[in-house]
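I opened a fresh page for this one. My plan is to look up a helix to begin with, then see what it leads to.

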Amino acid sequence: MADLKDFAEQLVNLTVKEVNELATILKDEYGIEPAAAVAVAGPAAAGEDAAEEQTEFDVILTAAGGSKLAVVKLVKELTGLGLKEAKGIVDSAPAAVKEGVSKDEAEALKASLEEAGAEVELK
């Protein structure tokens, strides 16, 4: 049982980037996809019209909030940009953090940024 608790703790402490990498590994190597993808495919498979459902999202930082330094560090981590570029995004808010990402990735990015104190919207 202790091994499972350790495993659960490791999962809880994953960064957004690591969660995305894990999702890719599970999909590519084991054929396991998130439940949200199955739910989206459900109505279309049943013959319902799923036309014009948005599949790509832009993550827009609207304000850094009270913890600007934490937001800059997080933008740097999430985007892989340098510190100067990440600071530029935060300073020029509203600005796109990432563009053309999946709904799951966009929601994960938004949650992480909001947890750090930023104000974020998805378009």
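Entry: helix H4. I note at the outset that I'm working with a predicted model. I went to H4, residues 68–79, and found twelve residues. From its first C-alpha to its last, H4 reaches 16 Å, close to the 16 Å expected at 1.5 Å a residue.

Next I asked myself which residues of H4 are buried. I found Val 71, Val 72, Leu 74, Val 75 and Leu 78. Looking down the axis of H4, I saw these buried residues fall within an arc of 165°, so they line one face of the helix. The spacing reminded me of a general point: an α-helix has 3.6 residues a turn, so residues three or four places apart point the same way. I checked the other side of H4 as well, and there Leu 69 and Lys 73 are exposed.

What do the buried residues of H4 pack against? My list has three helices and two strands on it: H2 (16–30), H5 (83–91) and H6 (103–115), plus S1 (57–63) and S2 (95–101). I also looked just past the end of H4, where Gly 80 takes a positive phi of about 80°.

Entry: helix H2. I picked H2 from that packing list. H2 has 15 residues and reaches 20 Å between its first and last C-alpha, close to the 21 Å expected at 1.5 Å a residue. Here too I looked just after the helix: Gly 31 has a positive phi, about 70°.

Entry: the sheet. I wanted the strand order, and I got S2-S1-S3 in an open sheet of three strands, with antiparallel pairing. S2 and S3 stand at the edges with a single partner strand each, so one side of each is left without a neighbour in the sheet. I jotted down the twist too, which averages 20° from one strand to the next.

Then I went through the bridges. Four of them join S1 to S2, and S1 pairs with S3 (residues 119–122) over four bridges as well. Phe 57 has Val 101 of S2 as its bridge partner. For Ile 60 I wrote down two partners: Ala 96 in S2 and Glu 121 in S3.

Entry: the core. How many residues does the largest nonpolar core have? I read off 22, and those with the most contacts inside it are Val 59, Leu 61, Val 71, Val 75, Val 90, Val 97 and Leu 113. Two or more residues of this core come from each of S1, H4, H5, S2 and H6. H4 gives the most, with five residues, which took me back to my opening entry.

I followed Val 59 a bit further. Not counting residues up to four places away in sequence, Val 59 touches a string of residues including Ala 95, Val 97, Val 101, Ala 106, Leu 109, Leu 113 and Val 120. Lys 98 and Glu 121 are among its contacts too.

Entry: Glu 105. My last lookup was a residue in helix H6. Is Glu 105 buried or exposed? Its relative accessible area is 18%, and buried means under 20%, so Glu 105 counts as buried. Leaving aside neighbours within four places in sequence, I found Glu 105 in contact with Asn 20 and Lys 98.

How values were computed
Residues are numbered from 1 along each chain as its sequence is written. This is a predicted model: local features need pLDDT of at least 70, side-chain atom pairs count only at pLDDT 80 or more; totals for chains, interfaces and linings use all residues. Side-chain values use heavy atoms; hydrogens and water are left out. The expected span of a helix is 1.5 Å times one less than its number of residues. Buried means under 20% relative accessible area, exposed over 50%, partly exposed in between (1.4 Å probe, protein chains only). The arc is that of the directions from the helix axis to the C-beta atoms. Contact means heavy atoms within 4.5 Å. Two strands pair if DSSP finds at least two bridges between them. A nonpolar core is a set of buried Ala, Val, Leu, Ile, Met, Phe, Trp, Tyr and Cys residues joined through side-chain atoms within 4.5 Å. Axes are lines fitted to C-alpha atoms, for helices over the stretch in contact, and angles run from 0 to 180 degrees between N-to-C directions.
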